[in-house]
Amino acid sequence: MPQQVRGVIARAKGAPAELTMITIPDPGPGEVVVAVSACGICHTDLTYREGGITDEFPFLLGHEAAGVVESVGENVDSVAVGDFVVLNWRAVCGQCRACKRGRPQYCFDTHNARQKMTLADGTELTPALGIGALADKTLVHAGQCTKVDPSADPAVVGLLGCGVMAGLGAAVNTGNVGRGDSVAVIGCGGVGDAAIMGARLAGAGTIIAIDRDDTKLQWARELGATHTVNGANVDAVEAVRELTGGFGADVVIDAVGRPETWKQAFYARDLAGTVVLVGVPTPDMTLEMPLIDFFSRGGALKSSWYGDCLPERDFPMLVDLYQQGRLPLNRFVTERIKLDEVEHAFHTMHAGEVLRSVVVL
């Protein structure tokens with residue numbers, strides 16, 4: 001039978017997040033109902049609320065989550081009732097041209113649940129990133145569930161569902177950071193700090209954190225940055241060059257996603273170095289640069305989609321590293337809050353006061 005549970009929605013552009021009752025249908029073929037244990041508050045949820053992704057209101061917010069499988073539909077054999085899972089928003093199809101070429105991390109036809117969760121009056125909800133986990137329970141495709149160590153703290157490992165994986169993967173998977181490399185990261189929020197942590201995990205020798213906020217730079221140092229640069233006070237490009245023998249960094253990661261920060265990343269890298277764009281630009285942003293600079297500097301210019309991760313490969317490994325004390329994921333959890341405190345969490349996030357607020361249910 002369909003269930004009535006609490007969920008946090010955005011009814012219209014700019015409207016405050018609202019806690020209300022929603023209806024979760026029984027899982028159909030390939031679908032799973034997950035009882036949510038914890039869900040992080042990501043900037044993407046705020047962007048949904050502000051109408052910056054689509055206008056398909058009302059939205060059911062939340063997507064950085066972990067929980068326990070409560071029920072499964074027909075033809076589901078990848079997870080079972082009682083499994084502890086981290087949710088992901090790129091459930092690979094296995095059939096598109098990327099999957100068939102052995103590159104499932106680039107899947108072009110990812111799966112979501114077919115059925116719709118609704119408001120009590122039957123109004124269909126659009127789940128954020130196909131998940132909608134700021135709720136007691138949510139309906140997802142089975143492929144969006146990745147089993148991990150059930151003893152792990154859900155408030156911590158659920159963050160792999162978006163921001164932490166995006167940043168860490170930008171360094172490890174997309175940037176291919178290697179032992180002894182020099183790395184610069186522009187923007188030290190949750191995604192940027194995860195990129196710093198990933199660079200450290202990969203063995204980078206020099207890790208330069210760039211931001212305009214000294215508090216964020218301190219967080220970055222605690223997570224592995226060897227040097228910090230306040231871009232409000234100095235020329236960030238020149239600072240990176242000075243810290244890398246005058247050459248620039250091997251890998252520069254733009255975790256902001258603006259034309260001006262991308263240009264900084266481009267010119268702060270060494271010849272034949274790599275730029276990774278993981279911060280998400282808005283549709284109206286444009287870039288104008290001399291074409292000769294692209295040719296003469298060589299190297300690689302990459303975009304990182306969800307850290308180019310493969311959840312079934314990466315999530316369990318990263319959870320194991322966290323459990324072993326080798327990956328300090330717990331440092332991303334600034335505060336634990338209740339489901340009715342989401343709107344306040346948006347304010348603290350926008351003010352730069354937290355890395356992550358996490359709703360614990």
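Colleague: Where is Gln144 found, by the loop and the strands around it?

Modeller: Happy to start there, with the reminder that this is a predicted model. Two strands frame the spot, β9 (137-141) and β10 (145-147). Gln144 is found in the loop between β9 and β10.

Colleague: Is Gln144 buried or exposed?

Modeller: Leaving aside neighbours within four places in sequence, Gln144 is in contact with residues including Trp89, His111, Asn112 and Leu129. Its relative accessible area is 0%. Buried means under 20%, so Gln144 is buried.

Colleague: Which backbone oxygen does the side chain of Gln144 reach?

Modeller: Among the contacts of Gln144 are Leu129, Gly130 and Ile131. The side chain of Gln144 comes to 3.3 Å from a backbone oxygen there, and that oxygen belongs to Gly130.

Colleague: Let's turn to α5. How far does helix α5 reach from its first C-alpha to its last?

Modeller: Helix α5 covers residues 190-202, which makes 13 residues. At 1.5 Å a residue, the expected reach is 18 Å. The model comes close to that, with a reach of 18 Å.

Colleague: What covers the buried residues of α5?

Modeller: The buried residues of α5 are Gly190, Gly192, Asp193, Ala194, Ala195, Ile196, Met197, Gly198 and Ala199. Their cover includes two helices and three strands: α4 (163-174), α6 (214-222), β11 (182-186), β12 (206-211) and β14 (249-254).

Colleague: Which residue follows α5, and what is its phi?

Modeller: Helix α5 spans residues 190-202. Gly203 follows, and its phi is positive, near 95°.

Colleague: On to charged pairs: which residue forms a salt bridge with Glu18?

Modeller: Side chains of opposite charge can pair when their charged atoms come close. For Glu18, the closest N and O atoms of the pair are 2.7 Å apart. Glu18 is partly exposed at 27% relative accessibility, and its partner is partly exposed at 41%. That partner is Arg11.

Colleague: Is Arg49 buried or exposed?

Modeller: Arg49 forms a salt bridge with Glu50, with the closest N and O atoms 2.6 Å apart. Glu50 counts as partly exposed, at 32% relative accessibility. Arg49 has a relative accessible area of 10%, and the cut-off for buried is under 20%, so Arg49 is buried.

Colleague: Which residues are linked with Arg49 in a network of salt bridges?

Modeller: The structure holds 10 salt bridges. One of them joins Arg49 to Glu50. The network that contains Arg49 also takes in Glu50 and Glu343.

Colleague: What is the N to O distance in the salt bridge of Arg258 and Glu260?

Modeller: Arg258 counts as partly exposed at 39% relative accessibility, and Glu260 is partly exposed at 42%. Their side chains meet in a salt bridge, with an N to O distance of 2.7 Å.

Colleague: Which are the edge strands in the open sheet of five strands?

Modeller: The strand order is β7-β2-β1-β4-β8, with mixed pairing. An edge strand pairs on one side only, and here the edges are β7 (118-119) and β8 (126-127).

Colleague: Which residue stands opposite Phe59 of β4?

Modeller: Strands β1 (residues 3-10) and β4 (residues 59-60) run antiparallel and are joined by two bridges. Opposite Phe59 stands Ala10.

Colleague: Last one: which residues does the UniProt domain annotation cover?

Modeller: The unreviewed UniProt entry carries the annotation "domain: Enoyl reductase (ER)". In the model, that span is 27% helix and 24% strand, and its end C-alpha atoms lie 26 Å apart. The annotation covers residues 14-361.

Key: Residues numbered from 1 in each chain as written. Predicted model: local features only at pLDDT ≥ 70, side-chain atom pairs only at ≥ 80, totals over all residues. Heavy atoms only, no water. Helix = DSSP H or I, 4+ residues; strand = E, 2+ residues; numbered from the N terminus. Expected span 1.5 Å × (residues − 1). Buried < 20%, exposed > 50% of the residue type's maximum accessible area, 1.4 Å probe, protein only. Contact = heavy atoms within 4.5 Å. Polar contact = N/O pair within 3.5 Å; in protein donor to acceptor, adjacent residues only side chain to side chain. Salt bridge = Lys/Arg side-chain N within 4 Å of Asp/Glu carboxyl O. UniProt positions renumbered as here; feature names shortened; annotations may be inferred. Pairing = 2+ DSSP bridges.
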